[in-house]
Amino acid sequence: MQRRTILKGGAALGFATMMGGKMALAQGLEKVKVGFIYVGPIGDGGWTQAHHVAVLKTQEHFGDKAEIVWQENVPEGADSERAMTQMALSGCNIIFTTSFGYMDPTNAVAAKFPDVKFEHATGYKREHPNVTTYNARFYEGRAVNGIIAGRTTKTNKIGYIASFPIPEVIQGINSSYLHAKKVNPAVEMTVVWAFTWNEPAKEADAAKALIDQGVDVIFQHTDTTAPLALAQKTPGIIGFGQARDMEEYKPTPRVSSIIDRWDAYYISRIQAVLDGTWQSQDSWDGLAQGAVEIGEITGVSAETKAEAEALRDAIIAGTYHPFTGPINKQDGSVWLAEGQVATDADFAGMNFYVEGIVGDIPS
Amino acid sequence: MDIGGINPAILIASLMVASVPIMLAAIGELVVEKAGVLNLGVEGMMIIGAICGFVVAVHSGSAVLGFVGGAVGGAVLSLVFGFLTQFMLTNQVATGLALTLFGQGLSSMIGQGYNGIKPPATEPLNFGPLADLPVIGTILFRHDWMVYGSILIIAAVWAVLKYTRTGLILRAVGESHDAAHALGYKVVRIRIMAILFGGAMAGLGGAYVSLVRVPQWTDGITAGAGWIALAIVVFASWKPWRVLIGAYLFGGITVLQLNLQAAGAAIPVEYLSMSPYLITILVLVIMSSGRGKAALNAPAALGQNFHASR
């Protein structure tokens, strides 16, 4: 009899705590615990490091009000579920998963922890009300770099080290090509798929293979500085910083860069959790909002620099959109008619090359 | 003379460079396994070699000293393995795996602050007019000294194992440590020496990655090369020259698939990307089928701990 009373009491207490917890969440929190899942090491020199720089700024901004934990080198796929679950169980209120391959695992874990907020970078699946996706308009930066590439190449061969065949990467390839072609109709684009985000030796080998094929401008959509380190060995080869400025390779081979700025976003989202105003959304900022920045343009002619900066300013001002028709798909069919501008839905599902790029996208 | 848009001479030249790290690590592991020790920590020793070599090269301004530093770093880490398995008699498989994890963490710690620094360059050796020979010059005479050094090391290991008393003793220890012990050989001491050599070679291979192949430091720079080196030892059925073939084959296919893509070959990328692994598996299956020679060739005492009291 007595034991049953105790059990009842315990259940009631547990229920009260649970409800109390829920109510506290709706009203906001005193202190927030934040988790970050990284695909590479924080010292990769590119993508993950850019996220981590933002995380450190975020920590500085919140001070004692936020406890931030992170895990590096989490493989994409099933193992990442374990890392996310562990963070959720350890009391994280919000978890940022910072690579495309975490898309399904993020949604799977989010289903199990409805009280924890999940933010997935670069994906498009929001299957639960506690999942948000966020991305940046890297293709705007690629457009500016594409102008520099088209103007600077001497062999008219531009190489692109791609990671995985996902819309974000294909947007970058198309944008770079369209803008290089715009200023230099003779350019050809060669794409090499590395099928990795973060393997310095393989990225360097890919850059070497491109250089052996006569390429003299190298774009990369992988995470480390390895392609630039390799490019530096051969005079006359240029490349671009990716995700981070990669300023250590200034003035050449790195002639410009696309810098990711995540700190403002992280601060606003964590603040929303503290305030109790967090809601599921899809965020996609670009040059205009400062989420993407063009690194200082170095080592190219003054005219090229001015032309690239003018394009950047036009994108920021909203007077130019990098994907403005007429643009045909690779097979020659019309994608965007004269004056038509690509929509966000077009970007989210981009799985084709534009006309002029040779080769197939792996499926 | 291009085949499918690829110049074979340039391809061979790049595969020779790409193969150096796995070749060095594999020949080191071969000696370790010939002495009857299975050290699965190759990846850990490689990455420690990569960061130690990088740090030494940056501070001394000399790439050559960097390679020495890499070899010393790998050897020192292997000593941890040697102490645990030879004196504490711990399980070799578990200790080796732990060594890899330890090496990765430690390298990341040592590497703090070394991101974005450029190491001193390792220039190709100057062979004068030989380098201008068509085809041959491109393939043979435009490399840095480590490419030639790695081949010399293979030759030296082969000669020592095959023709010298030292090689005979090493193999005896690996085949039957009890018999070797009964004959008065210091089994543990010999094995420690072999482990040190394996560590130094893995470290040298790692240093080649961070000083030449990708001249920079990033965490996790070896990206699994140590595991490939382990596979190559089995692939080579514990024969030094086959290590060279295995390393060239694996390095070659990795480079070839990227070159085929760059040359716009009409082969689906998925097949190209998986080809190095498929071929490794295929060759392993072929080698170990038939007369079962590969299995027979494994050192009989491989992975067994030795204590003189038995």
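**Reading the labels on chains A and B**

Q: Why is Glu296(A) called partly exposed?
A: Glu296(A) has a relative accessible area of 45%, and partly exposed is the range between buried (under 20%) and exposed (over 50%), with a 1.4 Å probe and protein chains only. So 45% earns Glu296(A) that label. A word on the ground rules: this is a predicted model, where local features need pLDDT of at least 70 and side-chain atom pairs count only at pLDDT 80 or more, while totals for chains, interfaces and linings use all residues. Residues are numbered from 1 along each chain as its sequence is written, chains are lettered from A and ligands numbered from 1 in the order in which they are written, and side-chain values use heavy atoms, with hydrogens and water left out.

Q: What makes Glu296(A) and Lys250(A) a salt bridge?
A: Their closest N and O atoms are 3.0 Å apart, and the rule wants a Lys or Arg side-chain nitrogen within 4 Å of a carboxyl oxygen of Asp or Glu, so the pair passes. Lys250(A) is partly exposed at 29%.

Q: How do you know that this pair ties together separate parts in sequence?
A: Glu296(A) lies in the loop between strand S12 (292–295) and helix H10 (302–317) of chain A, and Lys250(A) in the loop between strand S9 (238–243) and strand S10 (254–260), so the two parts are 46 residues apart. Those elements are DSSP runs, helices being H or I of at least four residues and strands E of at least two, numbered from the N terminus. Asp245(A) and Arg254(A) belong to one network with this pair, joined by salt bridges that share partners.

Q: What makes the aromatic pair of Phe96(A) and Tyr134(A) edge-to-face?
A: The centres are 6.0 Å apart and the planes meet at 85 degrees. Rings of Phe, Tyr and Trp (its six-membered ring) pair if their centres lie within 6.5 Å, with planes under 30 degrees apart called stacked, over 60 edge-to-face and the rest tilted, so this pair qualifies. The pair links distant parts of the chain, strand S3 (94–97) and strand S5 (131–136) of chain A. Phe96(A) is buried at 0%, and Tyr134(A) at 1%.

Q: Why is the pair of Trp335(A) and Phe352(A) called edge-to-face?
A: Here the centres are 5.1 Å apart and the planes 75 degrees, so by that ring rule the label holds. Trp335(A) is buried at 12%, and Phe352(A) at 15%.

Q: How do you know that a charge sits over the ring of Phe352(A)?
A: The charged end of Lys329(A) is 4.5 Å from the ring centre. The rule asks for NZ of Lys or CZ of Arg within 6 Å of the centre and within 35 degrees of the ring normal.

Q: What makes Arg213(B) and Asp205(A) a salt bridge?
A: N to O is 2.4 Å, so the salt-bridge rule is met. It is the 1 salt bridge found across the interface of chain A and chain B. Arg213(B) is buried at 13%, and so is Asp205(A), at 10%.

Q: How do you know that chain A and chain B bury area between them?
A: The total is about 2500 Å², 55% of it on carbon and sulfur atoms; buried area is the accessible area (1.4 Å probe) that two parts lose on being put together, summed over both. In chain A, Pro200(A), Asp205(A) and Gln213(A) lose the most, together 20% of what that side buries.
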